[in-house]
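Colleague: I am new to this model and would like a close look at one part of it, the chain lettered C, with its helices first and then whatever in the other chains helps me read the picture. Please take your time and explain each term as you go.

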Amino acid sequence: MDRAPARPTGSALQVRGLTYEAPTGQSLQGIDFDVAAGEIVGLAGIEGNGQTELAEILAGLRRPTSGAIRVDGTDTAGLDVAGHRGAGIGYVPEDRLRNGAALDESIADNLVVDRHHRAPLARRGLLRPSAVRDHAEHLIEDYAIRTPDASVPVRALSGGNMQKVIVARELSAQPRLLIASQVTRGVDIGAMRFMYERLVAARDAGAGVLLVSADLTELLALADRLLVIKDGRLVARFDDTSGLTEKRVGLYMLSVERHDPAHIAAGLEEVSAA
Amino acid sequence: MTGTLIETEDRREYKATRRRDLAVDLSMALATILAALAIGFVVMLVTGNDPVEAYGAMLTGPLERSFRVGRWLEDATTLTLLGLSVAIPFRARQISLGAESQLYAGALAAAAVAIFLPLPPVVAVVVPLVASAVAGAGMGLIPGSMKARLGANEIVATLMLNAIVVRVYDYLVNGPLKEPGSSAVHSKSIQQDSALTPLRDWFGIPLGRANVGLLLMVLTAVALWLLITRTPLGYRIRMTGSNPEFAEYGGIRVPRVIEWSFVIGGAVAGLAGAHLVQGVYGRLEPGLAGSLAFEGIVVALLARNNPLVVVVAGLFYSYLRAGGDIMEQQTDVGTEIVVVIQAVIVLLVTAQALPDLLKRRLARKQVAAR
Amino acid sequence: MSAVLDVVLSSAFLAAVLRVSTPYLLAAFGGLVAERAGVSNIALEGQMLSAACTGALVAGYSGSVARGALCGVGVATLLGLLLAALRLELGADVIIAGIGLNLLASGGTAYAVFTLLDDKGGTSGLKSGSLPAVPLPGIESIPVLGDALSGQNLVTWLALLTAPVIAWLFYRARFGFHLRAVGEMPDAAASVGIPVRRVQYTGLALSGALAGLAGVFLSMGYVSFFVRDMTAGRGFIALAAVFLGGLRPWGVFLAALGFGTAEALAVQLGTLDVPPQLVSTIPYAMTLVALAVYAWRRTRQTGGEVAAAA
């Protein structure tokens, strides 16, 4: 993947002292990291080590037990999902069939879930079907979604096209921070390449991207910086991914090696918990 | 260049598929009704009745005299309102079986105003209607909140609420609200000004107890169709029903949407109660709704919860009910056969795999034909 | 108040509780088995009704109470299988299919009775007899309890036996293990070689049979005739008991017994100067409150956010 070096500007995401006691699944402990606007931060780890929980907390789908999260300077504590989106978060969920789409609804309807109540899609309390349709046709063309019509139910699309619908929705909201979980899982090569280009383009346009993936090749190709998660803790932080090999990252994923917590939290500015 | 060619080809094929699916849906609906009637035919035959004579009475009876038409339309008004009332929560995938409690609450509220509160004309019609909608909505809010906020099973909650409200209603009609000095059990009559105008006043022919409630019902259906297809709340209801986890992920407050779906449904069921009080009986009667509340569910299902189709399904279903009564008067066949036919329709409609199977087979045939 | 206490503490009241609880117990266990198999049985009501009607009619025409009871249970079992087939073969929504079957039972029984006996109300014109009471030798000598237990109907004994049998089935028998696995994780169950469909069919048949026994008790237990729509919502109450009992055999047992007690109490209180309609709302109001409390507790245990989406 050809890409220019990142030109990080402001801060897109600050996470400080994040803990989460999961009723089921993986709990999180003492997570500290930043994502700058204009960089892609990769999150590596063997699946089930807390990536899902972290992503869903950042998206507002779960509430953390303690810690502070700031998105583009906004404290997200106490915000609901819509509030998180309003603060500038976009989220491509890892399991698109579970919550990424309403499979039996049209592409057009799937593309507006976060904005159906706002102009130009709604005016004076009424939806404008023509605006919803235009919006969909625009994105279908922009993201090269292969479908005969915007009224086709999402279920009828291939994995790659379905994922394009989700990515189109999330990126077209122009998020300050995009959380992209397993974006290319079950997606054909063409669509995969397309996603990569879009993620880099979003980065270059000034978005922060947190790329969660089980695919180390993908992470090393795209990430400007890399974090590794194990058992609900961050165990490594690489601020320079050039020259990093899959084997080396793998050692951290398996807990054979780990970074000093001081190194992982180095240089992070203080953020007071709300 | 080739890209656009493929796309137009795709689009044409898609449109053909859509047309074919619509045709399959329509013919399946027709086939379902015919199959149910055929089963009814066999049942009558086996039980020693004359199905031809029975169906003759049932299918032509309701149109033979104008007051029978009125009876049909009056029944259809209540039934369609009840169908609409469950169609909305069903759209949010909430199995609300509470139309009965909402109807009785609405009937009580409408009657309380229409009997005891002197109001100027027009207002005297509107206020009881509003009161019934509010009461019905309140009765919907209870199971709605229990489901949305606590995750309590809405089927059980609505059924329990039905059982409670029906008994309280029964007590009130037999006790505090019973007309003093009357030997029969019913309330005092509503004030003249509160009555929904009978249709015979407009058309000048006897139309039984059919009244402007019919118009109100059609307006409600259109309003609900607009709500579902043209408003943000309707969108949220559809997404919540289709995939609640997706709705939540998209920033929709799912519990609130669920509550709204119950409240709207409850208000409409409340109006059905007002229709019975202000338009049909002119007072509270014991067992006002009969089995209509449950049959409203059937109507909504037949219409796949599309408000406009609910009107068609309601008219059709009521026609069968009205026909069944005439059939029983004119032949030896019990009107219960209509319930059996209705049940068969429900079972056939819910057997989703049948039309899908057919569609897939047709699609395969078309591919093979190329 | 002391009058009420006297009533409640009498052995006659205890006997009434057992009698009234019998259909709830059986139907609730029917609902439990189906629920655990992953198919909600909304059709309990219709299965009870069909069994009650079939039982009375067959017994009346054949003169054999046993044959009537067997046919009643058989019809309900078939309805259970039909529900399973609609769900598993034709992709029907279980709730809607259940509603359809209830409608079918309500219309079918009324039509049958009207056609056969030319009576809109029921089969009171037909001599159908009732199932025998079973006196247990020696049990009369136990104070209070003896009087309550002696002379209970055969079906009541069966209902009381159902609880330990179902508990044993669920937690000790292979079939019960399969049933629970199928209900909780059908894919996982299939992947370890459990015949998912067969288990579900069997579960639904058993569910129907239990509901059928409850229905047979209604028309052939203490009375000997069928009345139109005589189940009067008992199937739905039983379903509520399934959820209130937390889907566990002994929990369901207590919940069903609770409903029976409340109803028996309502009947007793009806003799006092309280409107009977209001007294009879007590069990339903209790259920509603219990449902809310139970759901609230569960929501608190699992953390509120998840429950809303479920």
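Modeller: What follows is a connected account that begins with chain C and then turns to a few places in chains A and B.

This is a predicted model, in which local features need pLDDT of at least 70 and side-chain atom pairs count only at pLDDT 80 or more, while totals for chains, interfaces and linings use all residues. Residues are numbered from 1 along each chain as its sequence is written, chains are lettered from A and ligands numbered from 1 in the order in which they are written, and side-chain values use heavy atoms, with hydrogens and water left out.

The secondary structure of chain C comes to 15 helices and zero strands, where helices (H or I, at least four residues) and strands (E, at least two) are DSSP runs numbered from the N terminus. Of its 310 residues, 53% are buried, a word that stands for under 20% relative accessible area, with exposed over 50% and partly exposed in between (1.4 Å probe, protein chains only). Among the contacts in chain C with a separation of 6 or more, 75% are between residues 24 or more positions apart, a contact being heavy atoms within 4.5 Å.

The UniProt record, an unreviewed entry, places the feature "transmembrane region" at residues 68–88, 94–117, 154–171, 201–223, 235–258 and 278–296 of chain C; its positions are given in the numbering used here, feature names are shortened, and annotations may be inferred rather than shown by experiment. Residues 68–88 of chain C are 100% helix and 0% strand, with end C-alpha atoms 30 Å apart, whereas residues 235–258 of chain C are 83% helix and 0% strand, with end C-alpha atoms 15 Å apart.

Two packed helices are described by the angle between their axes and the distance between the axes. Helix α4 (residues 65–88) and helix α10 (residues 196–220) of chain C have axes that come within 7 Å and cross at roughly 140°; such axes are lines fitted to C-alpha atoms, for helices over the stretch in contact, and angles run from 0 to 180 degrees between N-to-C directions. The contact of α4(C) with α10(C) has 16 nonpolar, seven polar and one charged residues, with Ala, Val, Leu, Ile, Met, Phe, Trp, Tyr, Cys and Pro counted as nonpolar, Asp, Glu, Lys and Arg as charged, and the others, Gly among them, as polar.

In the loop between α10 and α11 (234–244) of chain C sits A232(C), a residue other than glycine with a positive phi near 45°. Most residues other than glycine have a negative phi, and most peptide bonds are trans. At 54% relative accessibility, A232(C) counts as exposed. In chain B, V122(B), in the loop between α4 (99–116) and α5 (123–150), likewise has a positive phi, of about 65°, and V122(B) is exposed with a relative accessible area of 61%.

Chain A offers a cis peptide bond between A119(A) and P120(A), with omega about 5°, and P120(A) lies in the loop between α4 and β7 (122–123) of chain A. In α5(A), the buried residues are A131(A), V132(A), H135(A), A136(A), L139(A) and I140(A), and their cover includes α4 (107–110) and α6 (159–172) of chain A. After α5(A) comes A144(A), with a positive phi near 50°.
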